[in-house]
Structure formats: C-alpha cells, structure tokens
Amino acid sequence: MKIQQWNGADFPHVIAGSDSLPEYVAANQHPINQALAACGAILFRGFDVPTAEDFDAVVQAYGEPGFTYSESLSNAVRVNVTDRVFTANEAPPDTSIYLHHEMAQTPLYPSKLFFYCQIAAEKGGATPLCRSDILIDQLREADPDLVARLESRGVRYTNVMPASDDSGSGQGRSWRSTLNAETTEDAESRLLDLGYGWEWMDNGSLRVTTPVLDAVRQLPDGRTVFFNQLIAAFRGWSDQRNDASRALSFGDGEPITADDMREAIVLSDELSFDTEWEAGDVMLIDNFLVMHGRRPFEGTRRVLASLIS
Ligand code: FE2
C-alpha cells in the first residue's frame, strides 16, 4: 500500500490494531476526528470486526447521528442490513463507480461515511479515494476558466428514475423509493419542495433536474473542494434510461461537455489512492474533503456502508 502525503499528513491515515474496534473508537474519538480533519480518510486495519452487527457497533460507538438511505435522494439501489448499515451499491461487479462526493448531486448529503469490508473480492474491487482540495488546486492551475465557471454558475444534474428498482444500473433506484412517494402526486409535491424540475416519461419513469447546486465549496477551515458529482455522472451515468452526455449543465443551462471534463478526469485519476480491501477493514471518510468510488471486481465482494448526517 503506497500511502500518499499531503501537507505533512498521510492519506489515508492508517490505524492498526487487533482488539475491539468499538472500544477503540469510543476511547479515541478526539484523535480520530483530528486525523480525519487533517487528511479526510482513516483506515482501521487488523481490528476484530467479523460481522455487519460488529460494524454497526463501531458506527454507534463513534456516536454521531445517522443519515438514512430512506430520507436520502441517492440514485443507487441499496439494501439495509442493520439499522445503521446498508449495502454500498448493488450495481453489477463489472460496473465502475467513478469518483464522487456522496449525494453531492442532491441538496441532501451526509457529512461522513463509514465503509466496512466483510468479504474482499478475489480480484479488483478497490475503493479509490481522491483528495478534493488537492484536485481543485491542480484543476485551477490546469483549467482556470472551468473552475471560474463552476464557481460562478454552479451545476444542475438531470437523471431518469425508473418506476421500479433496477439493480442492473448504478442509477437504478426507482422514483417511488428515491422520493419516498406512493403516487405521482406525492412525487411531484416532494420535487416541488426540493426545487426540482421534472417530466414524466411514457414508460412511467421520471426525468428530474436538480435546482442549481454548488460545484465548488469552501470548507469552514478555508480549504476549497471540488464538491460535486460531475466525474461520476459524466463517466458513469449511462444506462437504459440515461445518457451521460445530457446529464450535466452549468447552473444557467449550458451543457457541460467532454472538453470541460477532460482535465478534471485526468487529474483525479492521477490523484486516486486505491484502497485494497482486507476482510475486517473499516474506513471513515470526510465526505466534504474526499471523493470515493468503486473499481470493478470478480468474485464475491461484500462492502457495507453507513452514513453520518
Ligand atoms: Fe458513494
């Protein structure tokens, strides 16, 4: 594992142990949060975390309130395993999930994420991580005009949600589940509340466009981050219903093109750190500072997630 270093801090920060992780987390909250604020990702390795229930206990020991999948507007199909824990994404093994900040394509997003590897894939399946503050600094050098346009205009995302869950797609969550709606009227009233535009399709699916969302954010400590879902959407939002080239626009409606995305994609690939999972690993990620994704894999892979509100 070749750890990166940014501004004098390891990325990710690795904490090795062998005992109970819930006890360790409960006793070391302050240093954990300090390390997390410095670098954005902590890998807990070697602790005794055999089951989803044990992972749930780790999350509870950390003590911060959860962000539930049912209240989120995530596009991914997921399955709850315990109260606080769900499958990370049900998309097929050969599907890449590209770098993103969790749910940054919606107005509702978690502040932190936990991942837990119960079973490591035979081949592939790493979780790439990317420091979003470093990325925006490098992108500003490489393509200052793009960063200026993103900062001043923001972004809108358009996607099509099926009438019922399609686990064959990384964006397969139905509009009923996404919007917590039984009827089309319920769906429309939720979308109105959230400031979305929408259009019903003949086959019962629903095309929605977000209100203008930030693409670049300033964190309370002064760091600037590439806080959005542009890379994942541009590279990955293609399925039976969605055309990635139509998914993204600046806040004023001008499409975001392949040309616009080129430097961000090249730089984020160069900056990626691949977390090669070992069974029992737990990772804590600051969702404002670090992007994550999923490499394709072969064999059985069971990585579970939990979100902090
Ligand atoms: Fe994610």
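Where does Met103 lie? Let's work through that and a few other exercises on this predicted model.

Residues are numbered from 1 along each chain as its sequence is written, and side-chain values use heavy atoms, with hydrogens and water left out. Because the model is predicted, local features need pLDDT of at least 70 and side-chain atom pairs count only at pLDDT 80 or more, while totals for chains, interfaces and linings use all residues.

**Exercise 1. Place Met103 and Asn180, and describe their backbone.**

Step 1. Met103 sits in the loop between β6 (97-100) and β7 (112-119). Helices (H or I, at least four residues) and strands (E, at least two) are DSSP runs, numbered from the N terminus.

Step 2. Now look at phi. In Met103 the angle is near 60°, a positive value in a residue other than glycine. For background, most residues other than glycine have a negative phi.

Step 3. Is Met103 buried or exposed? With 2% relative accessibility, Met103 counts as buried. Buried means under 20% relative accessible area, exposed over 50%, and partly exposed in between (1.4 Å probe, protein chains only).

Step 4. Turn to Asn180, in the loop between α6 and α7 (184-194). Its phi is near 55°, again positive in a residue other than glycine. Asn180 counts as exposed, at 54% relative accessibility.

**Exercise 2. Find a cis peptide bond.**

Step 1. Go to Phe11 and Pro12: a cis peptide bond joins them, with omega about -5°. As a rule, most peptide bonds are trans.

Step 2. Pro12 belongs to the loop between β2 (9-11) and β3 (13-16).

**Exercise 3. Trace three salt bridges and say what they tie together.**

Step 1. How many salt bridges does the structure hold? There are 19. A salt bridge here is a side-chain nitrogen of Lys or Arg within 4 Å of a carboxyl oxygen of Asp or Glu.

Step 2. Take Asp252 and Arg153, whose side chains meet in a salt bridge of 2.8 Å, N to O. Asp252 is in the loop between β15 (248-250) and α9 (258-271), and Arg153 is in helix α5 (residues 144-153), so this pair ties together parts that are 99 residues apart in sequence. Arg153 is partly exposed, at 23% relative accessible area.

Step 3. Next come Asp166 and Arg241, bridged at 3.2 Å, N to O. Asp166 lies in the loop between β10 (155-161) and α6 (175-178), and Arg241 in the loop between α8 (230-236) and β15, so parts 75 residues apart in sequence are tied together. Arg241 counts as buried, with 18% relative accessibility.

Step 4. Finish with Asp269 and Arg235, where the closest N and O atoms are 3.1 Å apart. Asp269 is in helix α9 and Arg235 in helix α8, so the bridge ties together parts 34 residues apart in sequence. Both ends are partly exposed: Asp269 has a relative accessible area of 38%, and Arg235 has 30%.

Step 5. Some bridges share partners, and these join Asp145, Arg149, Arg153, Asp252, Glu254 and Asp260 into one network.

**Exercise 4. Explore the largest nonpolar core.**

Step 1. Pin down the term: a nonpolar core is a set of buried Ala, Val, Leu, Ile, Met, Phe, Trp, Tyr and Cys residues joined through side-chain atoms within 4.5 Å.

Step 2. Which residues touch the most other members of the largest core? Among its 30 residues, they are Leu135, Leu150, Phe226, Leu230 and Ile256. Elements giving two or more residues are α4 (132-142), α5, β10, α8, β15 and α9, and α9 gives the most, with five.

Step 3. Zoom in on Ile256. Leaving aside neighbours within four places in sequence, Ile256 is in contact (heavy atoms within 4.5 Å) with Leu150, Val155, Leu230, Leu248, Ser249, Phe250 and Met261.

Step 4. There is also a second, separate core of 26 residues, including Cys117, Leu129, Phe227 and Ala305.

**Exercise 5. Describe how α4 packs on α5.**

Step 1. The two helices pack at an angle of about 120°, with their axes 5 Å apart. Axes are lines fitted to C-alpha atoms, for helices over the stretch in contact, and angles run from 0 to 180 degrees between N-to-C directions.

Step 2. That angle makes α4 oblique to α5. Angles under 35 degrees count as roughly parallel, over 145 as roughly antiparallel, 65 to 115 as roughly perpendicular and the rest as oblique.

Step 3. On the α4 side, Ile136, Leu139, Arg140, Glu141 and Ala142 make the contact, and on the α5 side Pro144, Leu146, Val147 and Glu151 do.
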